[in-house]
Amino acid sequence: MNNSGYDKWLSKVKMAKPEFKDEKAMTDTIMKSIENKVQYCHRKEYGFYVKLVSGIAACLVSLMMITEMNRQNIKDDYAITGQSEKTSIKLKCKNDNIFEMYRCFLNENNIGIPDNIVKFKEKYKK
Amino acid sequence: MKDYNSTIERCKKGDKDAFRTIVMDFQQMIFRLAIKIICDEAEAEDIVQETFINARLSIKSFNNKSSLKTWLYRITCNKCYDRLRQMKNKETMTDSIENMENIQYDNDMENDISNKELCRLISLYTKDMPPMQKLVFTLKDMEDLPSDEICKITGITSLQLKSNLYFARKFIRNKFQKEKPL
């Protein structure tokens, strides 16, 4: 049995102190999430999506993003959700009414589009 | 160990600053645990948020039977456990390992390793491990928590803890036998 390999591996992972660099940004995001009763989820490739704490599907926000990006005539609209274009369209058809409710929710709670989605949009602007 | 009794009492009364103190003091600790269990940085960040949202929503039911740290660990572990089960179904972990094949591994024990490298290192030998075994192994062998605290966090008996730990260690050692050692 390769004990030395196992011990070396365990020491390495034990010693590691992973951390996120911007503590203040994380604290602010958490506090904002609690205040607005939404969860902001970061995704490197996909930019951003928001999930309601109450459990309403996260895809609703994706739909808002799709609409917003369509409005701005951005081609890679579906990339932001991490879903395929087909799935996004299907969801959009199914959830039009809920989507409107969600838009109202965002407006009522003054939840704007966060900075990193704006950056994402700029990147993909034609 | 800092005493959080008055901070918790303030939180129960809705004091935002008090809760911010708790977030600031524990967010890195929760992130460290979550990333070691989940092996995905973005997922771990999500779990940090979800843990504090849950904590905020249920702080009124916190009764000081355990320490604040144990209570937060328990919420984190529940979230991680659920996430591990979801990931197992979707085989997300397999994908992320394949995507990380090209990451360089530094053998120098003194060097800090990046979050990504750490995820790769842990995934390499714990991939496909049953979720409870992974939880127990992380808490006991990586985080060095005492057994009674792990039982409180995970809600399992000491016998179940021993058995899960035994199989987790065996699982990893078998991987070392089969795969190329570090």
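How many salt bridges does a search of the whole structure find over all chains? The count comes to nine. Please keep in mind that this is a predicted model. With that said, let us walk through chain A, some of the charged pairs, and two spots in chain B.

## Chain A in outline

Chain A has 126 residues, and 42% of them are buried. Its secondary structure consists of six helices and two strands. Following the sequence, these elements come in the order α-α-β-β-α-α-α-α, with the two strands sitting between the opening pair of helices and the later four.

For those who like surface and contact figures, chain A has an accessible surface of about 7,500 Å². Carbon and sulfur atoms account for 50% of that surface. Turning to contacts between residues at least 6 apart in sequence, 55% of them join residues at least 24 apart.

## Salt bridges between the chains

One of the salt bridges pairs B:D144 with A:K14, and the closest N and O atoms are 3.3 Å apart. B:D144 is in the loop between α7 (131–142) and α8 (147–154) of chain B, while A:K14 belongs to helix α1 (residues 3–15) of chain A, so this pair joins two chains. A:K14 has a relative accessible area of 30%, which makes it partly exposed.

Which residues are linked with A:K24 in a network of salt bridges? They are A:D28 and B:R20, so to speak a trio with members from chain A and chain B.

## Salt bridges within chain B

Next to B:D144 in sequence is B:E143, which forms a salt bridge with B:K36; here the closest N and O atoms are 3.2 Å apart. The two partners come from distant parts of the chain: B:E143 is in the loop between α7 and α8, B:K36 is in helix α2 (residues 16–38), and 107 residues separate them. B:K36 is buried, at 1% relative accessibility.

A further pair is B:R83 and B:E50, with the closest N and O atoms 2.7 Å apart. Because B:R83 lies in helix α4 (residues 68–90) and B:E50 in helix α3 (residues 41–58), the bridge ties together parts of chain B that are 33 residues apart in sequence. Are these partners buried or exposed? B:R83 is buried, with a relative accessible area of 11%, and B:E50 is buried too, at 10% relative accessibility.

## Helix α6 of chain B

Helix α6 of chain B covers residues 115–126, which is 12 residues. From its first C-alpha to its last it reaches 16 Å, close to the 16 Å expected at 1.5 Å a residue. The helix is mostly covered, with 10 of its 12 residues buried. Among them are B:L118, B:L121 and B:I122, as well as B:E117 and B:R120. After the helix comes B:D128, which has a positive phi, near 70°.

## The start of chain B

B:K2 sits in the segment before α1 (5–12) of chain B. Its relative accessibility is 48%, so it counts as partly exposed. Which residues does B:K2 contact, leaving aside its neighbours within four places in sequence? The partners are B:T21 and B:D25. B:K2 and B:D25 are 23 residues apart in sequence, and their C-alpha atoms are 10.0 Å apart in space.

Key
Residues numbered from 1 in each chain as written. Chains lettered and ligands numbered in written order. Predicted model: local features only at pLDDT ≥ 70, side-chain atom pairs only at ≥ 80, totals over all residues. Heavy atoms only, no water. Buried < 20%, exposed > 50% of the residue type's maximum accessible area, 1.4 Å probe, protein only. Contact = heavy atoms within 4.5 Å. Areas by Shrake-Rupley, 256 points an atom, 1.4 Å probe, with all protein chains shown as cover. Salt bridge = Lys/Arg side-chain N within 4 Å of Asp/Glu carboxyl O. Expected span 1.5 Å × (residues − 1).
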